[in-house]
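Here's a quick tour for anyone meeting this structure for the first time. We'll look at a few charged pairs and then at a pocket.

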Amino acid sequence: MSFKGKNQHDPKLLEGRFSASEKGFGFFIPDDGSRDLFIPPKDNGGAWHGDRVLVMPMGDPDGRGPTGRVETVLQRTNVEVTGRLERHRKSAWVEPDDRRLPPKIDIPRVSLSPNHQNGDKVGLRMTSYGDRKPPVGEVTTVLGRDGTFGAAVEAILHVQGVRRRFGQRVNAAARSMPRSVSEADLVGRLDLRDQLIFTIDGAEAKDLDDAISLATDDKGRRVLGVHIADVSHYVQTDSPLDGEAWARGTSVYFADQVVPMLPQELSNGICSLHGGVDRLCLSCFMTLDEDGSTLESELRCTVIHSKARMTYKDCNAILAGDTAVAVQYAEVAAILPEMNDLAKRMTKLRSSKGALEIETVESQIICNHEGLPVELKARERGDSEKLIEAFMLAANEAVASLLTWAEAGCVYRVHQDPNPDKLETFYALALSKGLTFKKAKTVSSGVLQSILHQTNGLPCKRVMHNALLRSLMKARYSIQNTGHFGLASACYCHFTSPIRRYPDLLVHRCVKAYLGQAAQPASFYERLAESALQSSTREVAADTTSRQAEKLYKALYMQPFIGQTFEGLISGVQTFGFYVELATTVEGLVSVHSLQGDFFEVDELGLMMKGVNSGRKYEVGDAVTVLCVGSDPLSGRIDFTLTNPVGQ
């Protein structure tokens, strides 16, 4: 077996990430995509889970697979750690929540205060990772009492660097913001306050970024207007508010909570496009042909006066023919069907160009007044949700195209072509479900979309869509335009959510500089690449936070259902068992140890678990009936067993 080094050190060394286990050994995941290496405990070189390392390949000395030895730790990942504080007379330490880390981190007693109590869940900053001595850390915050649900949620936020509170300077700047638009703000802006412009959002939303309009020009062509809150008017480059937004990168949403990127004086106040009040916007006007293709586009600084604060629910009711709701919003109800027809044409056109229509299921967790989950279901997407998505996609693409044409700066949303090797698992799963396709010589979005279309009406639809999503690369932000594979777009950016996403705010500044409305300092463009990278990093942290926090909420929700049976689909297979997803979006593990009476092996692609003696198969996408036998809200783990496992 040959290995290729990609570093500036010994060419035999490989660079990558160390993945530890709770049992002391670990695995090395190389950056170059070559095979993972087993790392024995004695050869981990002091690396912790997640660290970036240099590894020397050691061959296959015992015939069990290639091994390696960590030579150098390049970058520590676990700068912040959470765990249980143990405080005794002459010593103190923290037992990390992550069992893949060392079991004990010493805490100097001189760094503790009376507020740090034995049994607290705490956050600590590492000061020494140990070598021949134990690792040492310093407690920075108390997250609550260990063993409580609230502390478990706060620990997730802390590890990902998600801060609930704003600092004094940021709060002071937010409080100084105006409550309303002044006459001075209107200078140089196109006045759209008499136009039929309105918002469509979720009923609970308070940070309303976008509004829409539809008109006809003097040639009879439809002109779609997408009007986005002009956050850049209030959040100036290099201001305290800007620095905080840069550090946060994005708002974080989970269950019934939001940790906003900007203080509520802006996110829910002067920047939010509330109905019945004047608001400053950046507007993108797109002149469309009959198919919904953009013929030309224009950007303007504007002022609007939203005529209605519509909800997805009410708009869906109007589109479904509910006359009672239509009467309440007569002016909007008159234009909504035409907008819906246009959105469908635009979606059809985008699909014909090769855009992937991946339907993912989002969890809707409904909490009571105490913040505890009382209902859990898959969030439904009706015509109004799809309408807004189609209009926002068009605006994002139009803005990116204009800035590119003008050779102005821009932060693009890019999505690389998938690695063909990573699609093999998806292709194998499709074949196992009886789907037919012909692979192209190069990766083709058309082939992928044809596979998805065949799943309509089939039980495996949800699994197949999720499998394709996992096979694709992660979209990111960049100042280099390399296109967006998933959207089949040659030029794309994020323009439509500056209240909750920092890269959108960056794009707004580029737009205003292009329009000659607000020049940016040279330092802004010099740091644009760094800002794009920061936005991508914080997006990953936000997604991780939301996903892990929702696991805790789902586990808490499932506790009353222990002992009950459910229908579900196998969503993933591992050597230690397989995961089953319910219609409510709850996912639980069926441990291989519960499959008594046989020994089970997993196939090379990780799609199927098969009994060596019985031949019994458990394959991704299979429908199964499971019994909920355990649910831990502190870890997010939910355990299932089959109602008819092999041998029982």
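Let's begin with E338, which counts as partly exposed because its relative accessibility is 32%, inside the band between 20% and 50%. Keep in mind as you look around that this is a predicted model. E338 has a salt-bridge partner, R222, and their closest N and O atoms are 4.0 Å apart. The two come from distant parts of the chain: E338 sits in helix α7 (residues 330–352), R222 in strand β14, and 116 residues separate them. Unlike its partly exposed partner, R222 is buried, with a relative accessible area of 11%.

That pair isn't on its own, since the structure holds 40 salt bridges. Another one joins the side chains of R189 and D230, at 2.6 Å from N to O. R189 is in the loop between α2 (168–175) and β11 (190–191), while D230 is in the loop between β14 (222–229) and α3 (240–248), so this contact ties together parts 41 residues apart in sequence. Both R189 and D230 are buried.

Which other residue does the side chain of D230 meet in a salt bridge? That would be K512, at 3.0 Å from N to O. K512 belongs to helix α12 (residues 502–514) and D230 to the loop between β14 and α3, so here the parts tied together are 282 residues apart in sequence. D230 has a relative accessibility of 0%, so it counts as buried. K512 is buried too, at 7%.

Some salt bridges share partners, and in this way R84, E86, D97, K121 and D146 are joined into one network.

Here are the three pairs side by side:

| Pair | N to O distance | Separation in sequence |
|---|---|---|
| R189 and D230 | 2.6 Å | 41 residues |
| E338 and R222 | 4.0 Å | 116 residues |
| D230 and K512 | 3.0 Å | 282 residues |

Now for the pocket. The second largest pocket holds about 460 Å³ of space. How many residues line the second largest pocket? There are 14, and T141, L143, H158, R163 and R164 are the ones nearest its centre. Both β10 (136–145) and α1 (149–159) supply at least two residues to this lining. The biggest contributor is β10, which gives four residues. Sorted by class, the lining of the second largest pocket has six charged residues, along with four polar and four nonpolar ones.

Note on methods: Residues are numbered from 1 along each chain as its sequence is written. This is a predicted model: local features need pLDDT of at least 70, side-chain atom pairs count only at pLDDT 80 or more; totals for chains, interfaces and linings use all residues. Side-chain values use heavy atoms; hydrogens and water are left out. Buried means under 20% relative accessible area, exposed over 50%, partly exposed in between (1.4 Å probe, protein chains only). On a 1 Å grid over the protein atoms alone, a cavity is a set of points where a 1.4 Å probe fits but cannot get out, and a pocket is an open set with protein on both sides within 12 Å along at least five of seven lines; lining residues have an atom within 4 Å of a point. Grid points are joined across faces, edges and corners, and a volume is the space filled by probe spheres set on the points. Ala, Val, Leu, Ile, Met, Phe, Trp, Tyr, Cys and Pro count as nonpolar, Asp, Glu, Lys and Arg as charged, and the others, Gly among them, as polar.
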